[in-house]
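Work through the following exercises with the model open. Each one sets a task and then solves it step by step.

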Amino acid sequence: MNWSLLNQPGVILAPMEGVTDAPMRALLTETSPYLFCVSEFIRVTDQSPPVHVLQRYVPELKCGGLTPSQVPVVIQLLGSHPDRLSETALRAIHLGAAAIDLNFGCPAPTVNRHDGGATLLKTPHRIFEIISAVRAAVPKQIPVSAKLRLGWDNPNDIFINAEKAVDAGASWLTLHARTRMQGYAKPVYWSHIRKVREQISIPVIANGDIWNFQDFIQCFEETGCEHYMLGRGALANPFLPQAITQVLRRNFTLAIQQPTSASLPDWRPLLERFIHFASDSGKSQDYFLRRIKQWMKFAALASSSPYFEQIKRSQNLTECLNQISNSSH
Ligand SMILES: Cc1cc2nc3c(=O)[nH]c(=O)nc-3n(C[C@H](O)[C@H](O)[C@H](O)COP(=O)(O)O)c2cc1C
């Protein structure tokens with residue numbers, strides 16, 4: 001088994017459809033250290049997506065499956081058909097993906113109506129079948145992981161689902177500590193992550209609501225995990241994973257007594273760097289504007305940027321960047 005992706009404590013960049021695409025992965029992995037990124041989900045229906053679709057979602061596959069900062073990108077597949085998922089997983093591995101992650105958490109009603117994502121949390125035996133099939137299809141040294149919410153509506157369902165995933169041969173589990181029915185509402189059940197971690201023999205990555213350094217410390221105390229996946233918090237403060245990694249790789253107790261705080265971002269250079277990476281991928285002006293507004297909205301949620309209110313009505317990129325520059329002086 002290839003364990004090198006989790007061979008030291010650290011942070012993983014979360015898959016976020018329409019958010020952590022290749023330019024954002026490039027920017028974030030350049031700004032903070034990550035063990036790896038997980039791609040936005042690639043949907044596998046009754047057809048297995050061809051090579052060009054996989055490469056469109058994950059252009060890094062054309063560069064050894066690595067971001068420009070040499071951070072591996074794991075491919076996430078979403079679907080319910082074991083054979084189609086296996087076929088796609090094998091194709092992704094042949095293209096250079098470092099590992100396969102299977103999505104058992106997506107709460108989108110369209111996805112759930114089509115028997116994908118979090119709906120599978122209701123049927124532990126199907127989680128077993130899917131992971132077993134993909135595990136059997138790809139070479140032994142390639143990790144096959146699963147990302148799960150705690151349950152459809154009952155957070156305690158995670159205990160049986162995690163057991164089935166382990167029995168099926170999953171290499172590690174990422175747990176978003178909420179149910180499907182919660183959406184993104186509180187509470188986030190970090191204590192369940194510890195219980196699962198203590199119940200099973202494979203690594204567990206903790207995920208959900210780590211927006212700042214204090215959240216991380218609390219999540220660390222409640223879960224005791226060595227690995228943390230950050231999504232919205234990584235967008236809201238691109239330096240947060242760096243601060244977390246420093247702590248995770250030092251003596252934990254000492255580090256928590258003397259917390260390292262994540263410095264607040266200077267947004268303009270980060271936005272320019274993002275535009276640089278997105279320009280390389282031939283994205284449109286509309287794309288830039290939409291993505292910067294989306295990004296500043298996440299940052300506003302964490303109070304790490306005051307810009308969203310100022311730019312939300314910007315009509316074009318120049319106006320938007322000028323607003324940010326003018327406000328920073
Ligand atoms: C806009 C958006 C898109 C997401 N897309 C995916 C996805 O493609 N695959 C997945 O497993 N989770 C997806 N998630 C869930 C995140 O990976 C993560 O589990 C969740 O946001 C909780 O972590 P956070 O509080 O650090 O953001 C998405 C979340 C958001 C907000």
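A residue is buried if 20 or more other C-beta atoms lie within 10 Å of its own, exposed if 12 or fewer, and partly exposed in between. The model used throughout is a predicted one.

**Exercise 1. Burial classes**

Task: decide whether Ser-303 is buried or exposed, and do likewise for Asp-209.

Solution. Start with the location of Ser-303, which is in the loop between helix 13 (285-301) and helix 14 (308-311). Next, count: Ser-303 has 12 other C-beta atoms within 10 Å, so it is exposed. The backbone of Ser-303 has a positive phi of about 55°, although the residue is not a glycine.

Turn to Asp-209, in the loop between strand 8 (204-207) and helix 8. Asp-209 has 19 C-beta neighbours inside 10 Å and therefore counts as partly exposed. Its phi is also positive, at about 65°, and Asp-209 is not a glycine.

**Exercise 2. Two histidines**

Task: assign His-192 and His-94 to their helices, then give the burial class of His-192 and of His-94.

Solution. His-192 belongs to helix 7. Because His-192 has 21 C-beta neighbours inside 10 Å, it counts as buried. Leaving out residues up to four places away in sequence, His-192 touches Leu-150, Pro-155, Ile-158 and Ala-177. For a distance check, take Leu-175: it is 17 residues from His-192 along the chain, and their C-alpha atoms are separated by 9.2 Å.

His-94 belongs to helix 3 (residues 82-94). With 13 C-beta neighbours inside 10 Å, His-94 counts as partly exposed. Between the C-alpha atoms of His-94 and Phe-274 there are 29 Å, and the two residues are 180 apart along the chain.

**Exercise 3. The surroundings of Val-166**

Task: state which residues Val-166 is in contact with, leaving aside its neighbours within four places in sequence.

Solution. First place the residue: Val-166 is part of helix 6 (residues 158-167). Then classify it: Val-166 has 20 C-beta neighbours inside 10 Å and so counts as buried. The contacts, with those sequence neighbours set aside, are Ile-200, Ser-201 and Ile-202. Finally, compare sequence and space for Val-166 and Ala-146: they are 20 residues apart in sequence, and 9.6 Å lie between their C-alpha atoms.

**Exercise 4. Helix packing**

Task: describe how helix 7 packs with helix 6 and with helix 8.

Solution. Two packed helices are described by the angle between their axes and the distance between the axes.

1. For helix 6 and helix 7, the axes come within 10 Å and cross at roughly 40°. The crossing is right-handed. On the helix 6 side Ile-158, Phe-159 and Ala-162 take part, meeting His-192, Val-196 and Gln-199 of helix 7. Sorted by class, this contact has four nonpolar, two polar and no charged residues.

2. For helix 7 (residues 190-199) and helix 8 (residues 213-223), the axes come within 7 Å, again with a crossing angle of roughly 40°. This crossing, too, is right-handed. Helix 7 contributes Trp-190, Ser-191, Ile-193, Arg-194 and Arg-197, while helix 8 contributes Cys-219, Glu-222 and Thr-223. The classes here are three nonpolar, two polar and three charged residues.

**Exercise 5. A cis peptide**

Task: find which residues a cis peptide bond joins.

Solution. The bond is between Lys-186 and Pro-187, with omega at about 0°. Pro-187 sits in the loop between strand 7 (173-179) and helix 7.

**Exercise 6. The ligand shell**

Task: of the residues around the ligand, name those that come nearest.

Solution. The shell has 22 residues, and Ala-14, Pro-15, Phe-41, Gly-231 and Arg-232 come nearest. By class, the shell residues are eight nonpolar, nine polar and five charged.

**Exercise 7. The whole chain**

Task: judge how the radius of gyration of the chain stands against the globule rule.

Solution. The chain has 15 helices and nine strands. Its radius of gyration is 19 Å, close to the 20 Å that the rule gives for 329 residues, so the chain is as compact as a globular protein of that length. The C-alpha trace spans about 55 × 50 × 35 Å along its principal axes. Of the 329 residues, 49% count as buried. Among contacts between residues at least 6 apart in sequence, 71% join residues at least 24 apart.

Conventions
Residues are numbered from 1 along each chain as its sequence is written. This is a predicted model: local features need pLDDT of at least 70, side-chain atom pairs count only at pLDDT 80 or more; totals for chains, interfaces and linings use all residues. Helices (H or I, at least four residues) and strands (E, at least two) are DSSP runs, numbered from the N terminus. The radius of gyration is taken over C-alpha atoms; the globule rule is 2.2 Å times the number of residues to the power 0.38. Two residues are in contact if their C-beta atoms, placed from the backbone, lie within 7 Å. A residue is near a molecule or strand if its C-beta atom, placed from the backbone, lies within 6 Å of it. Ala, Val, Leu, Ile, Met, Phe, Trp, Tyr, Cys and Pro count as nonpolar, Asp, Glu, Lys and Arg as charged, and the others, Gly among them, as polar. Axes are lines fitted to C-alpha atoms, for helices over the stretch in contact, and angles run from 0 to 180 degrees between N-to-C directions. A crossing is left-handed if the near helix is turned anticlockwise from the far one by less than a right angle, and right-handed if clockwise.
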